[in-house]
Structures are given as structure tokens and as C-alpha cells.
Amino acid sequence: MAWSSKKVCVVGAGVSGLVSARELRREGHDVTVMEQSGGVGGQWLYDPRTDASDPLGVAGAHSSVYASLRLNTPRESMGFSDYPFVYPAGNDDDGAGGDARRYPGHAEFLRYIRRFCDAFGLMDAVRLNTKVLHVAPSAPRGHGDGSVTRWTVRCSSRHGDCDGEAVTTEETTFDAVVVAVGQFTQPRLPVINGMDKWSRRQLHSHSYRVPDSFQDEAVVVVGCHASGVDIALELRAVARDVHVSVKSVDDGVAIERLCEDGQVTFADGSRVVADSIVYCTGYGYSFPFLDTGGLVTVDDGSRVGPLYEHTFPPALAPSLSFVGVPKRVVVPRFYETQARWVAEVLSGRRALPSSEEMMRAAEGYHHPAREMMVAGVPKHLAHDIFDDYDYCDEFGEKHCGFPRLERWKKELRWSSIARQRGEGEGEGEDSESFRDVYRDSDLVREGLQAQGWPWPAGSHQHK
Ligand SMILES: Cc1cc2nc3c(=O)[nH]c(=O)nc-3n(C[C@H](O)[C@H](O)[C@H](O)COP(=O)(O)OP(=O)(O)OC[C@H]3O[C@@H](n4cnc5c(N)ncnc54)[C@H](O)[C@@H]3O)c2cc1C
């Protein structure tokens, strides 16, 4: 196929959208990134706003990051393949001088994303305060062979600040659209008897920012994945009583019933009286602007499909693609791989299988770890890669000749996950302190040394 440059619209300027822009430009495409917020960074653009009238909903903010959030992935593994997330020269834990911890606060990662934008001159491709309202093929499609030739993108843009007057515009000349809107904004909630009648406070972690308003309260935190653990630990310092409901929405929430008078009854029959409930029960996919006539759907907020290799909808490929759908991968690196693949397919450097083959593959996506799940595959695991970094390597090699992740970085991540789960091997290595207490293996130490990484400051390598 002859090489050609395309006019591409990227929706979203988080790490997925930004790295898509970089890869598309490198491949010679003409790129416009539409971003609804007033800045780049996506989740990492901390937004203190919450909406008390909709504490279980989206609450007007995209980011679900809370004020105290620190990365739960080691920074040495958090960079783009050719632009490491280096330690800053200064260190004041979260101030302008930089945060020189291996697991820094969220502001440090935002600084890194902004530097990435500057280093690759991406800001001139980004339209801020521009929300995509509608994306649809401009002309009738061909015969399910991906022959959409143009896409129409309707946006609402605000000039000046986000309170400025909104102007709606429509562009009909995009050859392709890359959807990169993230996956951690639309709250997923459990179904609990009495939830609708509960008269006290209940909110989703999407709307949690700071613990102050929970002072002296009795709080039930539902879900014990990363955010659940962080928030429960933080609340423990201010609340009168924090009860963590260890089951999450994934396996049937352990709360049996909520009563109007504040009583929470658990599945084992125990009861507490609570002032607030915080649901740390995850997120669903949502693409409200996407109009594909049913060719791409989101099943139960969990499964986007059909998608070939989590990226291309067979009937609309390659002109429509998704970057950033897979979970539990090396971020942002895996999304960089997807972006490179999309860029190379759009230019004609690489070919996709026929839409029939892609459809068969999309329907039959199986992952070994997923197959181990008995009693059917839960939908919410449809895009879960289970931190299988060898799979990530194979994906990158196969689709765009992407370099493999060094073994020491994989080990660094796996040991981090083990400590987070409370499976650390050393004293003090647990889900509470995993960010500060760790012991690197010889392989990791050698890797750090060989690549000139400094010894992490502000943390403790125990003996
Ligand atoms: C609380 C929390 C903690 C996390 N901690 C870690 C961590 O420690 N390590 C890690 O690797 N990952 C972590 N993550 C995952 C994190 O989301 C990813 O690392 C990464 O930021 C995802 O990037 P993205 O670009 O795919 O999505 P996002 O960062 O969500 O960016 C999507 C962008 O699309 C924009 N957008 C959405 N809809 C529209 C529209 N209609 N029009 C225009 N623009 C739109 C949004 O405004 C946003 O800027 C965490 C996530 C959360 C929520």
C-alpha cells in the first residue's frame, strides 16, 4: 500500500491522546487534539471541584484524582519509551522544586506530561476547552470493509477560561478519529438493597478529594483496590470509625442492606451505623459522543466492542481507533505502542487483517489469566491484561516493532504490586507502606545503575 498522510482528530489530551498525537505526527499525519479541559494531562490534571448534588455521578469533573494521591507504580517504569520520567534535581515532595520520590505525588506526573508536550512540540496541535459532542462518519460507509472516507466531528469550544461563551463548530474533513478519553471517570456502583433510600452521605471515589469533611464520622469504604485502600487509610486519621467492606462490586458487594436510619448490614449479619459511605468500586467505559450506528458498543460499561486487539473496531478500521482501553498494562508505554500501531496503519506502512479476520479475533480474545476465571468471563475483565508484561511486549513487537520493556523494570513493577497486595517479602512491606519501604533485587539495582538512575531519595531500602 502506498504511504499517505491523513488528517486525524484525536479526542482527549491525557497521556493516550498526547502520545497518539506524537506518534501520528512522527508518521507524517496532520493532527488536531480536542481536549475539553483547560489543560493537558487528563486524570493527572487535579480538579478540586466536586458536585454535592451528584456525588455518585460524574460531578462535572473528568479527573478522579484525590489531593493526597501518590503514584502506585514506580516512576522508573512510568515513562514513554524514549522520554524517561526522571528524578527532579530539587525535592520538596510536591512543590515547584519537584517530588523526588519513586512513587511521587500526582503533581509530579503532571509536570512530566507537560515536559513531554514541550519536548515534542505538541501544544500547537491541542485545542483546549474544546469538548467533542458528536463523532460520526460523514459519508455513508462502504460494505463493512472499513471504507469510511471522512468523519464529522462536532465540538463545543470555550475561549478564554472555561466560563467563556461556548461556540459549536463542525468539521467534516477528518480522515480518521482516535478516541483517547480514558476509563476512570464514569463511576461504577454496586446495587444494594436500600441504597436509594439511604438519607445520609454516599459518594463514589470519583468525587472524593480531601478527608476534612469526614472528621469524627463513622465511614464505610466499599472496595479495597488501590483507591479504596488509599482513601480508607486517609480517613482513618480523621474519622471516628472506618469500616472497609472488603468485597468490591466485582464479586458481589459485602453490604447486604442500607437502612434510612444509617444502619449498614453486612452479608455476615454484622451491623454498623454510618454517617457516610464511600464507594471505591471502579469505573466504566463511556463514549457518549460516538455515533457509529451500533458498530461499536459498550456492554454494561465494561466491554467495548468489538475491538480487534483492544484498538480497532473491525467494521470501521482503520479510520476509527481507540487508544487507552486496556487495563493493568504499563502506562503510558502500552498506550504509546497502540498509538504507534495506529499511526503506521493509517499511513499504510502496516496492514490490518481483513475485517472478517479481525472480527473473529475480537470475538475470541482470550487471555490465559482470564481463562483461569471459572464460571464464565466477567465482562469487566474484557480489557484486563493482568499486568502480563510479556503479553505487552508481544503486542508491541507484533504490531509495530516496539522495543521490549527491560526485565528489571518488569521486576520492579511486579515487586511493587506484591507489596501493595500485602505480599511483600520484607519487614514493613505492605499495602500501607509499599511506596516507602522496599528492597530492590540485584537485577533491579543493576538495571538502575546501568541506565544511570539515581538512588531514590526520600524512601527506604530496608536491609
Ligand atoms: C485515582 C487514580 C489513580 C491512578 N494512579 C495511577 C498510577 O499510579 N499509575 C498508573 O500508571 N496509572 C494510574 N492511573 C491510571 C491513569 O488513568 C492512567 O495512568 C492514564 O492517566 C490514562 O490516560 P488516558 O489519556 O488514557 O486517560 P485520561 O487521563 O483520563 O485522559 C483522557 C482525556 O480525554 C478528555 N476527554 C474526555 N472526553 C472528552 C470529550 N468528549 N471531548 C474532549 N476531551 C475529552 C479528558 O478531559 C482527558 O483530558 C490512575 C487513575 C486514577 C483514576
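# Notebook: helices, loops and a ligand shell

I began at phenylalanine 395, which sits in helix H7, residues 389-400. The model is a predicted one. I checked burial next. Phenylalanine 395 has 22 other C-beta atoms within 10 Å, so I logged this residue as buried. The cut-off I used is 20 or more.

Which residues does phenylalanine 395 touch, leaving out those up to four places away in sequence? I found Glu309 and Thr337. I then looked at the pair with glutamate 309. The two residues are 86 apart along the chain, and their C-alpha atoms are separated by 8.5 Å.

**Entry: the loop between E18 and E19**

I followed the contact to glutamate 309. This residue is in the loop between E18 and E19. Its phi is near 50°, a positive value in a residue other than glycine. Is glutamate 309 buried, exposed or partly exposed? I counted 16 other C-beta atoms within 10 Å, so glutamate 309 is partly exposed.

I stayed in this loop and looked at its prolines. Proline 306 lies between strand E18 (303-305) and strand E19 (320-322). The peptide bond joining glycine 305 and proline 306 is cis, with omega about -5°. Proline 318 is also found in the loop between E18 and E19. A cis peptide bond joins alanine 317 and proline 318, and here omega is about 0°.

**Entry: aspartate 216**

I looked up another positive phi. Aspartate 216 is not a glycine, yet its phi is positive, about 65°. I placed aspartate 216 in the loop between strand E9 (201-204) and strand E10 (218-222). I found 9 C-beta neighbours inside 10 Å, so aspartate 216 counts as exposed. The cut-off for exposed is 12 or fewer.

**Entry: helix H3**

I turned to helix H3, residues 226-236. How many of its eleven residues are buried? I noted eight, and the helix is mostly covered. The buried residues are Ser227, Gly228, Val229, Asp230, Ile231, Ala232, Glu234 and Leu235. Against what do the buried residues of H3 pack? I traced them to E10, strand E11 (241-245) and strand E15 (276-279). E10 had already come up, as one of the two strands that flank the loop of aspartate 216.

**Entry: tyrosine 103**

I moved to tyrosine 103, in the loop between strand E2 (30-34) and helix H2 (106-119). Why does tyrosine 103 count as buried? Tyrosine 103 has 21 C-beta neighbours inside 10 Å, and 20 or more is the cut-off.

I listed its contacts, not counting residues up to four places away in sequence. Tyrosine 103 touches Arg70, Leu71, Asn72, Pro74 and Arg435. I checked the pair with arginine 435. Tyrosine 103 and arginine 435 are 332 residues apart along the chain, and their C-alpha atoms are separated by 5.8 Å.

**Entry: H8 against H9**

I wanted the geometry of a helix pair. Two packed helices are described by the angle between their axes and the distance between the axes. I took helix H8 (residues 407-420) and helix H9 (residues 442-450). They pack at an angle of about 125°, with their axes 9 Å apart. That angle makes H8 oblique to H9. The crossing of H8 and H9 is left-handed.

I listed who makes the contact. H8 gives Arg407, Trp408, Lys409, Glu411 and Leu412. H9 gives Leu443, Val444, Glu446 and Gly447. I sorted these residues by type: four nonpolar, one polar and four charged.

**Entry: the ligand**

I then looked around the ligand. How many residues surround the ligand, and which are the closest? I recorded 31 residues, the closest being Gly12, Gly14, Gly42, Gly182 and Gly324. By type, the shell divides into 14 nonpolar, 15 polar and two charged residues.

I checked which elements supply the shell. Helix H1 (15-26) and strand E4 (130-137) each supply at least two residues. The largest share, three residues, comes from H1.

**Entry: the whole chain**

I ended with the totals. The protein chain has nine helices and 21 strands. Of its 463 residues, 42% are buried. I also looked at the contacts with a separation of 6 or more. Residues 24 or more positions apart account for 64% of these. Tyrosine 103 and arginine 435, in contact and 332 residues apart along the chain, are one such pair.

Conventions
Residues are numbered from 1 along each chain as its sequence is written. This is a predicted model: local features need pLDDT of at least 70, side-chain atom pairs count only at pLDDT 80 or more; totals for chains, interfaces and linings use all residues. A residue is near a molecule or strand if its C-beta atom, placed from the backbone, lies within 6 Å of it. Helices (H or I, at least four residues) and strands (E, at least two) are DSSP runs, numbered from the N terminus. Ala, Val, Leu, Ile, Met, Phe, Trp, Tyr, Cys and Pro count as nonpolar, Asp, Glu, Lys and Arg as charged, and the others, Gly among them, as polar. Axes are lines fitted to C-alpha atoms, for helices over the stretch in contact, and angles run from 0 to 180 degrees between N-to-C directions. Angles under 35 degrees count as roughly parallel, over 145 as roughly antiparallel, 65 to 115 as roughly perpendicular and the rest as oblique. A crossing is left-handed if the near helix is turned anticlockwise from the far one by less than a right angle, and right-handed if clockwise. Two residues are in contact if their C-beta atoms, placed from the backbone, lie within 7 Å.
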